Protein chains: 2
Amino acid sequence: MSKKKVVKIRHVKPEIRMLGIDDGAFQPHTKGVVDVIGVVFRGGYWLDGVMRTEVEIDGMDATEKMTSMIMNSPHYEQLRVVVLNGVTLAGFNVIDLKALFDKTGLPAIAVARDKPDFEMIRKALENLANSGKRWKAIENAGRLIEVQTRNAEEPVYVQFKGISESDARRILKETSTRSNIPEALRVAHIIASGLTRSEEKI
Amino acid sequence: MSKKKVVKIRHVKPEIRMLGIDDGAFQPHTKGVVDVIGVVFRGGYWLDGVMRTEVEIDGMDATEKMTSMIMNSPHYEQLRVVVLNGVTLAGFNVIDLKALFDKTGLPAIAVARDKPDFEMIRKALENLANSGKRWKAIENAGRLIEVQTRNAEEPVYVQFKGISESDARRILKETSTRSNIPEALRVAHIIASGLTRSEEKI
């Protein structure tokens, strides 16, 4: 349990251990669970580990499932930061960045390739149970900043907790080695969607 | 269906598309299936795709399952070579490198970190059904060569089909960027064992 408000990252080493998290493909507005894959990278270059869990489509368990996946992993002690593909998994199963940071002690950064339309999200939430709680979790992610990880043409949109804005910016730039998002996140997406596609075929 | 005996790889580009295949953990001598993960790498650096299938423990379906996983993959056309962790999956489910090459048209290279003891393998096979057919598949992999991928202290032991010895050596050296085995194979192992470990916990 972390009591710190911000983890100060003194020096962003090229080999900083980062966990990238993304979900597999699924049919929206259905019931069921979706695979979520966590990928451990040393900086932007080397894959060190993989973990998996699952969350409910449009459910309320994403924060709890991410916390337990991370803290039960053999890589937990080495991890320095968690990077997510936006603040939702499996539809509108919101990850509360603040709760995730408070429980794991790891700074959390949500990265989106498209600028989130919060007004649209808020309206969509109205059709779901616990819409107030979900919206609160989204608000907990804090303000949105634009970061140019690789070039000015493809900025990403970022929310963060437990880390300073300048550290978040540095980490994103250092680890986006192959695309405009951190390599751990790019690879988590490839694995999660590759596994889902193979499953459909079996 | 390939009619060629050997695919000549004119130039081993640093970005040659390689598929690395490895299986997840399992309890030996039990019944059931084991996850098999295929990882597409561009040379030794970038993960491009992931696929999955499953094979029976000590079964006879590894060659067929690898063939169909590869040929049904969206990456098939880009692939130039397949690298396996030895010639068996899930115990003694033998991959026939010759049949794999004949069917997919892709050269196949089996890499082992420890020198295989074929006499011991032959004896172990005697306890299984179809031992003659399994042994024949192992013989089809051809002679064993020693390759120093990174340094003389940690050579690997290699069998290959559909490719010249010198091309096989070059490809292994070029793509073993992080350890003494090709990066696609190192990462396939991490993913397959990471997913299996997570499953046990669920």
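Hi everyone, let's start with the symmetry. A turn of 180° and a shift of 0.0 Å along the axis lay chain B on chain A with an RMSD of 0.0 Å. The two copies are thus related as by a two-fold rotation axis. Please keep in mind throughout that this is a predicted model.

Which residue of chain B comes closest to that rotation axis? It is Tyr45(B), whose C-alpha sits at 3.9 Å. The same surface serves both copies, with 100% of the contact residues of chain B recurring in chain A.

Now to the interface itself. Here, 16 residues of chain B are in contact with 16 residues of chain A. Which elements of chain B give two or more residues to this side? They are strand S3, residues 46–56, and helix H6, residues 183–201. Sorting the chain B side by class, you get eight nonpolar residues, five polar and three charged.

Strand S3 brings us to the sheet, and I'll take chain B to begin with. Seven strands make up an open sheet there, and if you walk across it you meet them in the order S3-S2-S1-S4-S7-S9-S8. The pairing is mixed. At the edges of the chain B sheet are S3 and strand S8, residues 145–147, each of which pairs on one side only. So S3 of chain B turns up twice in this story: as an edge strand of the sheet, and as one of the elements on the side that touches chain A. From one strand to the next, the twist in this sheet averages 30°.

Let's look at the S8 end of the chain B sheet. Three bridges join S8(B) to strand S9, residues 156–161, and these two strands run antiparallel. What stands opposite Ile145(B) in S9(B)? That residue is Val158(B).

Over in chain A, seven strands again form an open sheet with mixed pairing, in the order S3-S2-S1-S4-S7-S9-S8. Strand S3 (46–56) and strand S8 (145–147) of chain A stand at the edges with a single partner strand each, so one side of each has no neighbour in the sheet. Neighbouring strands are turned against each other by 30° on average, direction ignored.

For a parallel pair, have a look at S4 and S7 in chain A. Strand S4, residues 81–85, and strand S7, residues 108–112, pair in the parallel sense over four bridges. One position to find on screen is Asn85(A), whose bridge partner in S7(A) is Val111(A).

Next, the helices, and how they sit on that sheet. In chain A, H1 lies across strand S1 (17–23), strand S2 (33–42), S3 and S4. Relative to S3(A), H1(A) runs at about 145°.

H1(A) also has a helical partner. Helix H1 (residues 62–71) and helix H2 (residues 97–104) of chain A pack at an angle of about 30°, and their axes are 10 Å apart. H1(A) and H2(A) are therefore roughly parallel to each other. Their crossing is right-handed. Who makes the contact? From H1(A) we have Thr63(A), Met66(A), Thr67(A), Ile70(A) and Met71(A), and from H2(A) come Ala99(A), Leu100(A), Lys103(A) and Thr104(A). By class, the residues of this contact are five nonpolar, three polar and one charged.

In chain B, the axes of helix H1 (residues 62–71) and helix H2 (residues 97–104) come within 10 Å and cross at roughly 30°. That makes H1(B) roughly parallel to H2(B). H1(B) passes H2(B) in a right-handed crossing. On the H1(B) side the residues are Thr63(B), Met66(B), Thr67(B), Ile70(B) and Met71(B), which meet Ala99(B), Leu100(B), Lys103(B) and Thr104(B) in H2(B). This contact divides into five nonpolar residues, three polar and one charged.

One last helix pair, back in chain A. Helix H3, residues 118–125, and helix H4, residues 131–140, pack with their axes 9 Å apart, at an angle of about 155°. Are they roughly parallel or roughly antiparallel? At that angle, H3(A) and H4(A) are therefore roughly antiparallel to each other. The crossing of H3(A) past H4(A) is right-handed. Ile121(A), Arg122(A) and Leu125(A) of H3(A) make the contact with Ser131(A), Arg134(A), Trp135(A) and Ile138(A) of H4(A). In terms of class, that contact has four nonpolar residues, one polar and two charged.

To send you off with one picture: two copies related as by a two-fold rotation axis, with Tyr45(B) as the residue of chain B that comes closest to that axis. Thanks, everyone!

Conventions: Residues are numbered from 1 along each chain as its sequence is written. Chains are lettered from A and ligands numbered from 1 in the order in which they are written. This is a predicted model: local features need pLDDT of at least 70, side-chain atom pairs count only at pLDDT 80 or more; totals for chains, interfaces and linings use all residues. Axes are lines fitted to C-alpha atoms, for helices over the stretch in contact, and angles run from 0 to 180 degrees between N-to-C directions. Angles under 35 degrees count as roughly parallel, over 145 as roughly antiparallel, 65 to 115 as roughly perpendicular and the rest as oblique. A crossing is left-handed if the near helix is turned anticlockwise from the far one by less than a right angle, and right-handed if clockwise. Two residues are in contact if their C-beta atoms, placed from the backbone, lie within 7 Å. Ala, Val, Leu, Ile, Met, Phe, Trp, Tyr, Cys and Pro count as nonpolar, Asp, Glu, Lys and Arg as charged, and the others, Gly among them, as polar. Copies are superposed by least squares on the C-alpha atoms of residues with pLDDT of at least 70 in both. Two strands pair if DSSP finds at least two bridges between them.
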